[in-house]
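User: Please examine the model shown below and answer a series of questions on its geometry and contacts.

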Amino acid sequence: MADAAGVDLGNVRGSGPGGRILKRDVETAARAAAPPPAAREPAESQREEAPAALPAGSRREEISRMRATVARRMTEAKREIPHFYVTAEIDMTEAMALRESIRRRETMPGLTVTHLLVRALSIGLVRHPHVNASWQEGGIIVHDDVNIGIAVAVDDGLVVPVLHRVQTLSLGEIAAAAGELTEKARHGRFGGEDLTGATFSLSNVGMLDVEELTAVINPPNAAILATGAVKERPIARDGQLAIAKTLRATLSCDHRVLNGLEGGRFLVELKSILENPVSLLLE
């Protein structure tokens, strides 16, 4: 017992008859020899690294629960989903002229590029249903309804409110519904279904002077479209150099659901719809 406890019997005073060393004497000596709890070396699995010292002039900011959730979900998505990307430059000259014409008539005063993109996506996703899909272990889920999540930055993170069944909505109805969601985002007044059920996502930073954006897929969607600003850029048109209002769009795809050809065909479809925008009003 003394050996197991690491006790030297030569240093133990026995309390039994004739100075005999008893069990309780060994236990008392073992307790006396043990270091205090704070001085014990923790097991390797229990050690915690001390926070790194901050450089001079730096500070640590605690994050909100929302930002922590976004960080966790995006880390998991980037790690677990095999992403690939397809980019196209879209001539938005006619689409922007259509938007301006509609706004002048005051029929849709709040019409934005985001609304045009959502309408074009609603048409394109019906034509390419496998882009409007989700990966589920063992198979692919193809969705009949087109529910588009629109990434919206808020003070303490990012939310993705969802426009449901957009394939049934006109351009004006999309503009009105998106406007309501934006107001809810600004005031944090979402209902449960406002943030659930997306089958595809859109991240548009066109309000900034940004050339393009590549987005992380929002699970369980199979794809997300990211767009930059509509800007005047030189293009070749009928063999001649011209200036056009163009938009650079990047489609991030889940390679478990889509291949490069499928992703490319969908983006070409979207380009065709936006470059011939009358379909945004007719279909």
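The exchange below concerns a predicted model, taken topic by topic.

User: Which residue of strand 11 is the bridge partner of Ala226?
Analyst: Strand 9 (residues 223–227) and strand 11 are paired in the antiparallel sense, over five bridges. Within this pairing, Ala226 has its bridge partner in strand 11. Strand 1 (residues 83–91) also runs antiparallel to strand 11 (residues 240–254), joined by nine bridges, and there Thr87 stands opposite Thr250. The bridge partner of Ala226 is likewise Thr250.

User: How many bridges join strand 10 to strand 11?
Analyst: Strand 10 (residues 231–237) runs antiparallel to strand 11. The two form a hairpin, with two residues between them. One of the bridge pairs is Ile235 with Ala242 of strand 11. The number of bridges joining the two strands is seven.

User: Is Asp238 buried or exposed?
Analyst: Asp238 is in the loop between strand 10 and strand 11. Its phi is positive, about 55 degrees, although the residue is not a glycine. Buried would require under 20% relative accessible area and exposed over 50%. At 77% relative accessibility, Asp238 is therefore exposed.

User: What is the distance between the closest N and O atoms of Asp91 and Arg237?
Analyst: Asp91 belongs to strand 1 and Arg237 to strand 10, so their contact ties together parts that are 146 residues apart in sequence. Asp91 is buried, with a relative accessible area of 18%, whereas Arg237 is partly exposed at 36%. The two residues form a salt bridge, a term that requires a separation within 4 Å. For this pair the closest N and O atoms are apart by 2.7 Å.

User: Which residue forms a salt bridge with Asp145?
Analyst: Asp145 lies in the loop between strand 3 (139–142) and strand 4 (148–150), and its partner in the loop between strand 7 (162–163) and helix 6 (171–187), so the contact ties together parts that are 20 residues apart in sequence. Asp145 is partly exposed, with a relative accessible area of 29%, and the partner is partly exposed at 41%. The N to O distance is 3.3 Å, and the partner is Arg165.

User: What is phi of Arg165, a residue other than glycine?
Analyst: Arg165 sits in the loop between strand 7 and helix 6. Its backbone phi is positive, even though the residue is not glycine. The value is near 50 degrees.

User: How many residues apart are Lys271 and Glu275 in helix 7?
Analyst: The side chains of Lys271 and Glu275 meet in a salt bridge, 2.8 Å from N to O. Lys271 has a relative accessible area of 25%, so it is partly exposed, and Glu275 also counts as partly exposed, at 22%. Within helix 7 (residues 260–275) their separation is about one helical turn, the two being apart by four residues.

User: How many salt bridges does a search of the whole structure find?
Analyst: Side chains of opposite charge can pair when their charged atoms come close. In this model some such contacts are linked in a network, made of Glu89, Asp209, Glu211, Lys231, Arg233 and Arg248. For the whole structure, the search finds a total of 15.

User: Within what arc do the buried residues of helix 4 fall?
Analyst: Helix 4 (residues 93–104) has 12 residues and should span 16 Å at 1.5 Å a residue, which agrees with the 17 Å between its end C-alpha atoms. Its buried residues are Ala95, Met96, Leu98, Arg99 and Ile102. Seen down the helix axis, these residues line one face, because they fall within an arc of 155 degrees.

User: What is the area of the nonpolar surface patch that includes Leu281?
Analyst: Leu281 is found in helix 8 (residues 279–282). A patch residue needs over 30% relative accessible area, and Leu281 is partly exposed at 44%. Together with Val278 and Leu282, Leu281 makes a nonpolar surface patch of about 310 Å².

User: Which residue does a cis peptide bond join to Pro219?
Analyst: The bond has an omega of about 5 degrees. The partner is placed in the loop between strand 8 (200–204) and strand 9. The residue joined to Pro219 is Pro220.

How values were computed:
Residues numbered from 1 in each chain as written. Predicted model: local features only at pLDDT ≥ 70, side-chain atom pairs only at ≥ 80, totals over all residues. Heavy atoms only, no water. Pairing = 2+ DSSP bridges. Patch = residues over 30% accessible without salt bridge, like charges linked within 9 Å, V, L, I, M, F, W, Y side chains within 5 Å. Areas by Shrake-Rupley, 256 points an atom, 1.4 Å probe, with all protein chains shown as cover. Buried < 20%, exposed > 50% of the residue type's maximum accessible area, 1.4 Å probe, protein only. Expected span 1.5 Å × (residues − 1). Arc of directions from axis to C-beta.
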